[in-house]
Amino acid sequence: MSTLTDGTPSGAGRHERRGTAVVVGASLAGLLTGLSLSRAGYDVTVLERSGPSPRSGAALGINGDACGGTRLPAGSDGAAPSLWALASGGSASPVQAWSAVHARLRAAAEADPRIELRHDTAVTGVGQDDDAAWATTSTGRTLRADVVVGADGHRSVVRRGVAPDKPEATFAGYVLWLGIADEAAVPAARRLPRGHDRPDILDAGDFCLIGYPLPGEDGSLAPGARRLGWAWFDPTRNDLLREKGCVVGDVVRRSLRFDAVPAHTHRELAAAARDLWPAPWQDAILDRVERRAVIGTPIAEYVPDRLVNGRLALVGNAAHVQTPMTGMGFDASLQDAEALADHLAGTSEVRAALRGYEETRLHGARDLVRSGQQFSRSFAGGGH
Ligand SMILES: Cc1cc2nc3c(=O)[nH]c(=O)nc-3n(C[C@H](O)[C@H](O)[C@H](O)COP(=O)(O)OP(=O)(O)OC[C@H]3O[C@@H](n4cnc5c(N)ncnc54)[C@H](O)[C@@H]3O)c2cc1C
């Protein structure tokens with residue numbers, strides 16, 4: 001089986017093909033996996049339920065040191081840039097704007113003739129037989145390939161085909177309030193010093209705050225031109241999350257969007273920010289609260305027992321969901337993508353290759369989630 005079939009040829013005839021893959025989800029893990037599988041000789045179709053407009057996020061930890069040998073400068077030795085170099089744009093900054101990383105990976109995927117990126121395509125189920133795996137979309141189309149990879153995040157549909165006995169990630173008991181402010185909104189006397197490029201991690205009573213200096217839109221790190229990303233860990237809003245349907249039972253359903261945060265919550269966040277947090281983070285939070293540009297993300301966790309089943313595989317948050325406090329969401333996704341491609345390269349024994357991938361990644365993925373759970377339990381206790 002080496003054709004991708006739903007009536008649409010994918011890269012047919014352009015290259016010598018080693019196999020076909022459908023990747024579900026075109027966020028960071030999906031794009032990284034599409035790129036790594038393409039390099040392994042696969043023709044890849046990436047299916048993403050959201051539309052093609054640029055997507056917004058907050059700050060993302062992108063720690064090249066954790067990515068072992070992948071931290072190569074772009075184009076070294078005349079080779080294609082490493083995935084880390086593609087994602088980071090070659091910048092050594094350990095924290096970047098999520099939207100910038102996503103945009104770079106998407107541009108690389110769109111420029112790759114082996115990758116077809118389809119937006120507005122929600123996958124509703126997956127299946128497999130001896131010869132192929134497939135993904136079915138909400139419009140009733142079925143795409144068959146040698147391998148189907150779930151990169152569809154913490155509520156993964158593909159995970160239901162890999163681990164039907166344990167399909168859901170569970171709520172960790174707290175919400176992360178997220179925002180990115182322009183440093184220009186902060187009075188000069190309250191800004192970070194020049195050269196301050198590491199995250200600030202602050203504790204106050206029940207709460208915890210991580211503040212991330214980020215380059216400005218133009219890449220500038222000059223005081224006043226930077227951006228200030230912040231993530232406020234808050235275990236006191238679980239009633240609100242349940243009332244808004246963001247958390248149902250033990251399951252995180254969705255984030256609390258900007259426009260769904262109630263006015264009284266904005267007022268309470270502003271008052272608490274004035275009490276709890278020093279400049280410039282207090283200013284950055286107040287700026288976003290005033291502009292109603294705060295998003296609340298309930299945190300989920302998932303310790304995997306399996307990463308593969310036959311011709312189905314999971315990467316990124318579909319595979320393992322860890323608290324953002326680990327700072328490892330991107331790095332683990334990159335390691336998954338590279339390991340998967342390493343195992344699939346040069347073999348037609350897809351099932352054996354996927355078992356090898358699971359052997360390589362499962363132990364580390366479980367350890368990563370569990371290390372984060374130690375934080376979550378001490379931070380939020382058991383009182384969800
Ligand atoms: C818009 C957005 C902004 C984010 N911002 C940040 C941030 O600022 N900081 C941070 O640390 N992390 C952020 N994250 C999460 C971060 O990307 C992950 O924690 C991590 O990097 C691993 O990503 P992932 O690709 O595995 O999962 P996710 O980023 O959750 O991506 C899953 C993707 O799959 C798609 N999808 C889900 N179900 C289906 C389906 N049935 N069919 C088709 N497509 C599907 C989703 O639309 C999404 O694009 C953000 C995620 C998104 C989607």
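Ala-231 makes a good starting point in this predicted model. Leaving aside neighbours within four places in sequence, Ala-231 is in contact with Leu-176, Trp-177, Leu-178, Cys-208, Leu-209, Ile-210 and Tyr-212. You can find Ala-231 in strand 13, which runs over residues 227-234. With a relative accessible area of 3%, Ala-231 is buried, because anything under 20% counts as such. For a sense of distance, look across to Ala-332: the two residues are 101 places apart in sequence, and their C-alpha atoms are 20 Å apart in space.

Next, turn to Asp-287, which sits in helix 7 (residues 281-290). Asp-287 also counts as buried, at 9% relative accessibility. Its side chain makes a polar contact of 2.9 Å with the side chain of Arg-291. Not counting residues up to four places away in sequence, Asp-287 touches Ala-181 and Ala-185.

Now let us follow a whole helix. Helix 3 covers residues 98-110, and at 1.5 Å a residue its 13 residues should span 18 Å; the C-alpha atoms at its ends are indeed 18 Å apart, so the expected and modelled values agree. Which residues of helix 3 are buried? They are Trp-98, Val-101, His-102, Leu-105, Arg-106, Ala-108 and Ala-109. Viewed down the helix axis, these buried residues fall within an arc of 160°, so they line one face of helix 3. The spacing has a general background: an α-helix has 3.6 residues a turn, so residues three or four places apart point the same way. What do the buried residues of helix 3 pack against? Their partners are helix 1 (28-39), strand 3 (59-61), helix 2 (83-88), strand 4 (95-97), strand 5 (115-118) and helix 9 (329-344).

Some of those elements appear again around the ligand. Helix 1, strand 3, helix 8 (316-319) and helix 9 each supply at least two residues of the shell around the ligand, and helix 9 gives the most, with three. Of the 27 residues around the ligand, Ser-27, Glu-48, Arg-55, Ala-58 and Asn-317 come nearest.

Zooming in on single atoms, you will find an oxygen atom of the ligand 2.7 Å from an N or O atom in the side chain of Arg-55. The backbone takes part too: a polar backbone atom of Ala-29 is 2.9 Å from an oxygen atom of the ligand, and a polar backbone atom of Ala-59 is 2.8 Å from a nitrogen atom of the ligand. Taken alone, the ligand exposes 920 Å², and the protein buries 82% of that.

Definitions and conventions: Residues are numbered from 1 along each chain as its sequence is written. This is a predicted model: local features need pLDDT of at least 70, side-chain atom pairs count only at pLDDT 80 or more; totals for chains, interfaces and linings use all residues. Side-chain values use heavy atoms; hydrogens and water are left out. Helices (H or I, at least four residues) and strands (E, at least two) are DSSP runs, numbered from the N terminus. The expected span of a helix is 1.5 Å times one less than its number of residues. Buried means under 20% relative accessible area, exposed over 50%, partly exposed in between (1.4 Å probe, protein chains only). The arc is that of the directions from the helix axis to the C-beta atoms. Contact means heavy atoms within 4.5 Å. A residue is near a molecule or strand if one of its heavy atoms lies within 4 Å of it. A polar contact is a pair of N or O atoms within 3.5 Å; within protein, one must be able to donate a hydrogen and the other to accept it, and residues adjacent in sequence count only if both atoms are side-chain atoms. Accessible areas come from the Shrake-Rupley method with a 1.4 Å probe; for residues, only the protein chains shown count as cover.
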